[in-house]
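Please open the model in a viewer and follow the selections below in order. Each stop names what to select and then describes what is found there.

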Amino acid sequence: MLFKNQFENRISEAIAQQSNVLIEQVRQDFNIRKDSIMHRYKYALKGFSAKLTKNQVEALEKDARILKVKPNKLYSLGYIKNKTRLKSDNHVLKNNLNINQTIPWGVTRVGGPLDGTGKKAWILDTGIDLDHPDLNVDVANSVSFIATEPADDGNGHGTHVAGIIAAKNNSQDVVGVAAGATVVAIKVCYDESPGPGEDQCPESSLLNGIDYITNNAAPGDVVNISIWGPIDTDLDNAVINAANNGVRLTLISGNAGSNANDYSPGRANHSNIWTVSAHDNNDNFASFSNYGNPPIEYSNPGVDIPSLWKNGNTKTIDGTSMAAPHVAGILLATGQEPYTNKQVNNDPDSNPDPIASSEPYVGSPYVIGSVQNDHPKLDWSATEGAYEYEIHRKVGSSTTWGLWATISSTSYVDMMTSDPDLRVMSSPPSSPDGWVAYKVRAVHQDGFFSFFSNIVYYELSDGTIVPHSTSSK
Ligand SMILES: [Ca+2]
Ligand SMILES: [Ca+2]
Ligand SMILES: [Ca+2]
Ligand SMILES: [Ca+2]
């Protein structure tokens with residue numbers, strides 16, 4: 001049940017209190033029992049959910065204060081439930097991971113692990129394993145909006161999402177993108193599906209979770225919702241209003257392998273909302289992932305993702321559920337919009353989603369050596385994302401590379417090596433430890449480096465300088 005005059009902007013405690021008064025008036029006017037009211041919404045939307053009789057519904061619909069009365073919808077967790085796995089069985093993985101900490105490929109792919117200490121992520125999900133040894137859980141702020149179940153995760157999905165964002169950097173299990181960040185469990189989904197293939201996250205609980213974080217999350221916090229389902233403009237408006245109140249949210253595109261605009265809440269757009277599709281460890285778009293720009297901002301790792309599980313365990317699963325938390329971790333640890341680090345292959349919408357990362361992609365130069373007026377000359381093509389280039393050099397049999405020059409052009413003649421002493425340092429030269437050797441790397445304007453180029457070295461052969469190039473980069 002939603003009231004007219006929904007919020008469009010920042011909500012004050014006074015306005016929220018007005019909502020409370022309105023809910024109570026309507027409750028009394030229509031003789032709705034107090035214990036029939038399940039959820040009261042006052043920060044992201046204005047209304048309540050309740051068990052109502054048909055007569056109550058019909059009467060409420062005629063009331064001038066009321067915008068609409070509608071039945072509850074069900075939403076899904078965004079992971080692939082029925083995938084067959086051989087070796088990544090829960091216990092096998094658990095044993096392997098307990099010997100040492102594993103750095104999941106997805107964390108590496110997005111430039112992690114980063115330090116998340118002191119940052120906070122709110123996770124609307126099946127709850128979180130509140131005493132998982134690899135997590136810092138804010139138990140005091142954790143809450144369940146599933147009346148019959150506590151915030152402690154009885155499923156595993158919410159703990160998995162929490163681990164991707166914030167697993168501790170220690171000697172066990174996995175490490176998260178924003179390692180050691182604090183996670184808060186907002187339970188909005190039942191532990192178990194009511195039946196095979198059935199959905200387990202009631203919209204009424206989801207709305208209450210969004211309402212709660214709108215009031216409780218602080219600027220800089222991030223909220224992850226790895227839940228998807230049918231189009232619902234009230235759900236869309238709730239996340240947009242949370243975003244209007246300064247909350248940053250990461251959402252999933254969904255797992256139908258179809259248009260993301262057909263699913264809420266991921267279809268909602270706002271500058272504080274990031275909707276995420278999934279790719280595998282070859283940057284190939286995941287076949288199950290929904291697509292479409294908008295609403296999708298980024299693609300991130302969502303196939304074969306190891307993370308934490310209920311009861312102190314670990315598990316490897318797939319889904320756009322696993323992709324969004326990678327963006328949440330970047331937002332949390334860096335406090336800024338992610339960099340783009342290449343883009344996905346085979347995006348079905350032909351508009352390849354950029355891959356979010358804490359580091360920009362900086363293309364490596366490939367250097368071609370030549371000789372100009374008896375001096376070594378280096379040439380390379382301008383590389384993607386490069387601001388300037390560093391030329392590193394070593395001479396003779398030295399094993400030490402040193403920074404030789406920093407330039408913004410893509411061509412360089414080393415006039416200094418006209419020194420005849422340098423020319424006779426090696427006889428005969430052997431690659432790449434010959435007379436003089438060079439390698440180049442690109443520098444992004446924010447200080448990130450590319451990998452080094454191939455090595456170009458020069459030898460003195462019968463009195464002539466001859467360039468050689470290593471074939472590999
Ligand atoms: Ca760990
Ligand atoms: Ca969007
Ligand atoms: Ca536990
Ligand atoms: Ca796309």
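Begin with the open sheet of this predicted model, which has 3 strands in the order β23-β24-β27 with antiparallel pairing. Select residues 367–372 for β23 and 411–413 for β27: these strands stand at the edges. Each has a single partner strand, so one side of each is left without a neighbour in the sheet. Viewed along the sheet, neighbouring strands are turned by 20° against each other on average, direction ignored.

Next, keep β23 selected and add β24, residues 375–380. The two strands pair in the antiparallel sense, and 6 bridges connect them. Which residue of β24 stands opposite valine 371? Displaying the side chains there shows proline 376 in that position.

Now move to a pair of helices. Select α5 (residues 157–166) together with α8 (residues 320–334); the two pack with their axes 8 Å apart and at an angle of about 40°. The value lies outside the ranges for roughly parallel, roughly antiparallel and roughly perpendicular, so α5 is oblique to α8. Their crossing is right-handed.

To see the contact itself, display His157, Val161, Ile164 and Ile165 in α5. On the α8 side, these residues meet Ser321, Met322, Pro325, His326, Ala328, Gly329 and Leu332. Colouring the selection by residue class gives 7 nonpolar and 4 polar residues, while no charged residues take part in the contact of α5 with α8.

Methods:
Residues are numbered from 1 along each chain as its sequence is written. Chains are lettered from A and ligands numbered from 1 in the order in which they are written. This is a predicted model: local features need pLDDT of at least 70, side-chain atom pairs count only at pLDDT 80 or more; totals for chains, interfaces and linings use all residues. Two strands pair if DSSP finds at least two bridges between them. Helices (H or I, at least four residues) and strands (E, at least two) are DSSP runs, numbered from the N terminus. Axes are lines fitted to C-alpha atoms, for helices over the stretch in contact, and angles run from 0 to 180 degrees between N-to-C directions. Angles under 35 degrees count as roughly parallel, over 145 as roughly antiparallel, 65 to 115 as roughly perpendicular and the rest as oblique. A crossing is left-handed if the near helix is turned anticlockwise from the far one by less than a right angle, and right-handed if clockwise. Two residues are in contact if their C-beta atoms, placed from the backbone, lie within 7 Å. Ala, Val, Leu, Ile, Met, Phe, Trp, Tyr, Cys and Pro count as nonpolar, Asp, Glu, Lys and Arg as charged, and the others, Gly among them, as polar.
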